[in-house]
Amino acid sequence: LFPSHDNQASDSSKIVNEFYKNKRRVVSIVKKTKVGMDGLILKLVVDMTTHSDDDFVVDPDNVRIITGMSNIMWERDMKDKAPSCFRDNIFHHGQLQNTSMSGLRNGLVIVDEIDTGNNESQVLHTTLRDSGILDVKHMIENNNRFIFASATILRELYQLFPWGEIG
């Protein structure tokens, strides 16, 4: 499967267990810069799409890896690193209109650098809001899960989810 470093495999296992054992809908990842976030993200999508529990596993078509950064190099780099089954579902800011998240069921949405472009009038926030998938009831009814990743995430999580933790 996807090659990863020990810390990425360990972190991925912990995060998958938060979804699987603790029934979380949203997990936030805070890591220092330059410690392998891309590798962790890709390890997570592999682990979530190859999980042994058929009732839990995510179909690779239902994975979205997105960012609010207007950075085509980020998108190219992630696509180059990702297994081929995920490449069509990786989008940077300029491509977010192509994410097709409306109607997403049994999905996993990973937002890298959540702190970029998430103000209410910005593309990342409006894309997520307009698709309806940020609604807690929608998350539960459609079995969607979210990972928000950044080195500076705390302030942004409070802006996106001012009502508190989502289990």
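1. The expected span of a helix is 1.5 Å times one less than its number of residues. In this predicted model, helix H1 (residues 6-20) gives a chance to apply that rule. H1 has 15 residues, so at 1.5 Å a residue the expected span is 21 Å, and the end C-alpha atoms are indeed 21 Å apart. Expectation and model agree here.

2. Which residues of H1 are buried? They are Gln8, Asp11, Ser12, Ile15, Val16 and Phe19. Seen down the axis of H1, these buried residues fall within an arc of 135 degrees, so they line one face of the helix. The face turned away from the buried side carries the exposed residues Asp6 and Lys14. As for what lies against the buried residues of H1, they pack against S1, H2, S4 and S5.

3. The sheet comes next. Strands of a sheet pair through backbone hydrogen bonds, either parallel or antiparallel. In this model the sheet is open and has 5 strands, in the order S1-S5-S4-S2-S3, with parallel pairing. Strand S1 (26-30) and S3 are the edge strands, since each pairs on one side only. The order in the sheet should be read with care, as the numbers of the strands do not follow one another across it: the listing goes S1-S5-S4-S2-S3.

4. One pairing can be followed down to residues. S1 and S5 run parallel and are joined by 5 bridges. Val26 has Phe146 in S5 as its bridge partner. At 0% relative accessibility, Phe146 counts as buried.

5. How many aromatic pairs does the structure hold? There are 2. Tyr20 and Phe56 form an edge-to-face pair, with 4.9 Å centre to centre and 75 degrees between the planes. This pair links distant parts of the chain: Tyr20 is in helix H1, Phe56 is in the loop between H2 and strand S2 (63-67), and the two are 36 residues apart. Their burial should be noted separately. Tyr20 is partly exposed, at 27% relative accessibility, whereas Phe56 is buried, with a relative accessible area of 6%.

6. Phe146 and Phe148 also form a pair. Their ring centres are 6.0 Å apart and their planes are at 20 degrees, so the pair is stacked. The cut-off behind that reading is that planes under 30 degrees apart count as stacked. Phe146 is buried at 0% relative accessibility, and Phe148 is buried at 0% as well.

7. Asn142 deserves a look among the loop residues. Asn142 lies between helix H5 (136-141) and strand S5 (145-150). Buried or exposed? With a relative accessibility of 11%, Asn142 counts as buried, because buried means under 20%. The side chain of Asn142 makes a polar contact of 2.6 Å with the side chain of Arg105. Leaving out residues up to four places away in sequence, Asn142 touches Leu104, Arg105 and Asn106.

8. Asn143 is in that loop too, between H5 and S5. Asn143 is buried, with a relative accessible area of 17%. Its phi is near 55 degrees, a positive value in a residue other than glycine. The side chains of Asn143 and Arg25 are joined by a polar contact of 2.9 Å. With residues up to four places away in sequence left out, Asn143 touches Arg25, Asn106, Gly107 and His138.

9. Asn106 appears among the contacts of Asn142 and among those of Asn143. Where is Asn106 found? Asn106 sits in the loop between strand S3 (90-91) and strand S4 (108-112). The phi of Asn106 is near 50 degrees, which is again a positive value in a residue other than glycine. At 34% relative accessibility, Asn106 counts as partly exposed.

10. A last point concerns Met37 in helix H2 (residues 37-49). Met37 counts as buried, at 14% relative accessibility. Met37 and Asp112 are 75 residues apart along the chain, while their C-alpha atoms are separated by 8.6 Å.

Notes:
Residues are numbered from 1 along each chain as its sequence is written. This is a predicted model: local features need pLDDT of at least 70, side-chain atom pairs count only at pLDDT 80 or more; totals for chains, interfaces and linings use all residues. Side-chain values use heavy atoms; hydrogens and water are left out. Helices (H or I, at least four residues) and strands (E, at least two) are DSSP runs, numbered from the N terminus. Buried means under 20% relative accessible area, exposed over 50%, partly exposed in between (1.4 Å probe, protein chains only). A polar contact is a pair of N or O atoms within 3.5 Å; within protein, one must be able to donate a hydrogen and the other to accept it, and residues adjacent in sequence count only if both atoms are side-chain atoms. Contact means heavy atoms within 4.5 Å. Two strands pair if DSSP finds at least two bridges between them. The arc is that of the directions from the helix axis to the C-beta atoms. Rings of Phe, Tyr and Trp (its six-membered ring) pair if their centres lie within 6.5 Å; planes under 30 degrees apart count as stacked, over 60 as edge-to-face and the rest as tilted.
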